[in-house]
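User: I am new to reading protein structures. Could you take me through one, feature by feature?

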Amino acid sequence: MIDFKNLPKEELFGQGNVGCKGCGAAIAGRQAMKVLGERTIITIPASCMATLGGNNTKTTWRVPFYHTLFECAPAISSGIRAALDIQGIKDVNVVSWGGDAGSADIGFQSLTGAAERQEHMIHVLYDNEMYMNTGGQQGSQTPQYACTSNCGCGKGIHKKNMLAIMEAHGIDYVASANIAYPEDLMAKFKKAASKKGFSYIHILAPCHRGWGIKPEETIEVARKAVESGLWELYEVDEGKRTRTYEPSFIPVSDYLKAQSRFKTMSEAQMAELQKSVDLYYGRGE
Amino acid sequence: MNKVLITGSEAAALGAKLANIEVLGYYPITPAFPAMERLSKYIEDGELNCKFIRVESDHSALAAVLGASLAGARSYTVTNSQGLLLMTEVAYHAAGLRQPIVMGVANRALSAPHSRFPEHGDAISQAASGWIQLFCENNQDIMDNTIQAFRIAEELRTPVMVNYEGYIQSHTLEEVFVPDQEKVTAFLPLNRQPALDINNPRGVNTVTGPEFYTDYKYKQNEAVLQALTLIPSVAAEYNKEFGGKSCGLLESYRMEDAEHAIVAMGSIVSTSRLLVDELRKQGKKIGLVKVKAWRPFPAKEIFELLHNVRYVTVLDKNIVFGVGGALASDIKAALYGKGNMVINGVIIGLGGGKCGVSEIKETVDHTESSDSDKNRSEWFGL
């Protein structure tokens, strides 16, 4: 369990970062680093997270940080782990931290490769559900009905289930997380860091610009995703699946209507989505 | 040194083993794969203490090797043709990050049309990548250049490509003198400079503004240019230490009073030697310049060898579309305004095309004929 009182005061990531105010990605980074600690080497492929942490001769990272090419952060991290092993350097968390594009789309090949090899590392997908570093285009992690800068009438197909895909690799640890539940998120990072093989943590981290919410609503909307049942918090620890938080089941429309990206969604479509959530959690008629 | 009969792939693998590589990243491709298989066998047999990362693509192969290098390990990979093209993004990136990676390239033609056969198109595609590029004439060169490449890469913090042709070299047995392990270990002292150091955290590849970018690139270019001095001095030291016969940037062969020079790189150098010997017997004043270092390009040294000749026949096993052979273009630029020789650039041996002694003789004859157009590349064997 995570005891907030005993968390280190030191910030290994976050101070002076150039993210937008209310940036969900930066919040996720700060929470994770509280647990991962200073013996961490982090690689981040092209994304907001890569650019907001280091500019010219300045960086907000207080651990070794490397802004990698788009497709290959998990491959780079595999090489880092090999180099540490050959030098006998122990007790280092090797982390690759991609956005939804750098993990699920352009970066998927190197991710599935590293997971299949059971590399001793943690891969994080920080998910804002669209390509925000280039202005908010649609990707595989964009949910159905969400409008993006290149699709104003809403995505016609559903979101690719990355958690299920990663679970199918038979890796040590798979978990979903959400920045509105820091205790849960940090506990999962702690567990992942203790594994000898590959761990995958998928964090829902809203981007207020892409989602059409106010900067100060980032946490509130992230919380609604969980409480409505649309973003289930769970883990699969060496094959054992556990729901780590029981949602209160607010209507999904509370979550959807809080954001302008779902503005084209009809009441009927919302009702349909509510039905599928109810069915998933066994709450239907 | 003991003498063994080995293929070019084995020479590359043995060179990397003698260099005590610590991390190998690799994705199988023909004809480079036997070098990887040999290296993974050394590792399995406990003869080499090295981590082999069995990646899922060529892009990830170079990425994994790059990550290892950034974290302080001596790293190596081999590839060719499509694999090298897929790696291209990482190749430019690794050079910009100044990582001393060494890569063997078993040169093979590029698709389309699909071809498995040797030529230099893959290496030439990396002309502007920032990698130092060495070309091998025979299997001894592969061994010698692979070992020297680590020294050059680590001193200049710049990656080095060691090119040898697919099949003609990768799969052909030749006698190779093998340096002693202990001496190679002493020749290549491990001087780790990890950019990603757990005890000294730094940000690598941060977003760079216009006020810094040009300076980075200037320094990168200066490092590559320094290889013009370093490559010959490393070769001289290597020869002294191991009794080798490695040339520096170039080797001149029977050029003393030559009126006609053949310039080439790779396996066609050996073939050209035979022709030069044959023509010399007939009294023809002809010589040969072997280009070992193509990047950086030794323009001054080329000029010194060629400024007195009347004819130059440049053999290019590559084509830069709309321009001509890469080596011929470089030589024309190096000699610009410095003489009145006829420079005949010949595109020959593409995709395994025939390029034996008689074919090279035809190109030499053609250079001296009135048909030769010194401003264009000529295609041989159409």
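Analyst: Start with a definition: two strands pair if DSSP finds at least two bridges between them. Keep in mind that this model is predicted. Here, strand 1 and strand 4 of chain A pair in the parallel sense over 3 bridges. Within this pairing, A:Ile44 stands opposite A:His67 in strand 4 of chain A.

User: How many strands form the open sheet, and in what order?

Analyst: The open sheet has 9 strands. Their order is 10(A)-9(A)-7(A)-8(A)-6(A)-5(A)-1(A)-4(A)-9(B), and the pairing is mixed.

User: Which are the edge strands?

Analyst: Look for strands that pair on one side only. They are strand 10 (240–243) of chain A and strand 9 of chain B.

User: What joins strand 4 of chain A to strand 9 of chain B?

Analyst: 2 bridges do, and the two strands run parallel. Strand 9 of chain B covers residues 203–204. One place to look is A:Phe65, whose bridge partner is B:Gly203.

User: How do I describe the size of the contact between two chains?

Analyst: The size of an interface is often given as the accessible area lost when the parts come together. Between chain A and chain B, the buried area is about 3,100 Å². Carbon and sulfur atoms give 63% of that area. On chain A, the trio A:Asn56, A:Tyr66 and A:Ile86 supplies 23% of what the chain buries against chain B, more than any other three residues. You can also count residues: 38 of chain A are in contact with 41 of chain B.

User: How many residue pairs are in polar contact between the chains?

Analyst: There are 15 such pairs between chain A and chain B, with both residues at pLDDT 80 or more. Several elements give two or more residues to chain A's side, among them strand 1 (40–44), helix 3 (73–87) and helix 5 (108–116) of chain A. Helix 3 of chain A gives the largest share, 10 residues. By class, chain A's side has 15 nonpolar, 14 polar and 9 charged residues.

User: What should I look for in a salt bridge?

Analyst: Side chains of opposite charge can pair when their charged atoms come close. The rule finds 2 salt bridges across the interface of chain A and chain B. One of them joins A:Glu116 to B:Arg54, with the closest N and O atoms 2.9 Å apart. Over all chains, the whole structure has 41 salt bridges. Among them is A:Asp184 with A:Lys188, at 2.7 Å between the closest N and O atoms.

User: Where do A:Asp184 and A:Lys188 lie?

Analyst: Both are in helix 7 (residues 182–194) of chain A. They are 4 residues apart, about one turn of the helix.

User: How do I read an aromatic pair?

Analyst: A pair of aromatic rings is described by the distance of the centres and the angle of the planes. The structure holds 14 aromatic pairs over all chains. In one of them, A:Phe13 and A:Trp61 are 4.4 Å centre to centre, with 40° between the planes, and the pair is tilted.

User: Which parts does the pair of A:Phe13 and A:Trp61 tie together?

Analyst: A:Phe13 lies in the segment before helix 1 (24–36) of chain A, while A:Trp61 is in the loop between strand 3 and strand 4 of chain A, so the pair ties together parts 48 residues apart in sequence.

User: What about backbone angles?

Analyst: Most residues other than glycine have a negative phi, and most peptide bonds are trans. Now see some exceptions in chain B. Phi of B:Asn20 is near 55°, a positive value in a residue other than glycine. B:Asn20 sits in the loop between helix 1 (8–18) and strand 2 of chain B. The peptide bond from B:Thr30 to B:Pro31 is cis, with omega near 5°. B:Pro31 is in the loop between strand 2 (23–26) and helix 2 (33–44) of chain B. A cis peptide bond also joins B:Ser111 and B:Ala112, with omega about 5°.

Conventions
Residues are numbered from 1 along each chain as its sequence is written. Chains are lettered from A and ligands numbered from 1 in the order in which they are written. This is a predicted model: local features need pLDDT of at least 70, side-chain atom pairs count only at pLDDT 80 or more; totals for chains, interfaces and linings use all residues. Side-chain values use heavy atoms; hydrogens and water are left out. Contact means heavy atoms within 4.5 Å. Buried area is the accessible area (1.4 Å probe) that two parts lose on being put together, summed over both. A salt bridge is a side-chain nitrogen of Lys or Arg within 4 Å of a carboxyl oxygen of Asp or Glu. A polar contact is a pair of N or O atoms within 3.5 Å; within protein, one must be able to donate a hydrogen and the other to accept it, and residues adjacent in sequence count only if both atoms are side-chain atoms. Ala, Val, Leu, Ile, Met, Phe, Trp, Tyr, Cys and Pro count as nonpolar, Asp, Glu, Lys and Arg as charged, and the others, Gly among them, as polar. Rings of Phe, Tyr and Trp (its six-membered ring) pair if their centres lie within 6.5 Å; planes under 30 degrees apart count as stacked, over 60 as edge-to-face and the rest as tilted.
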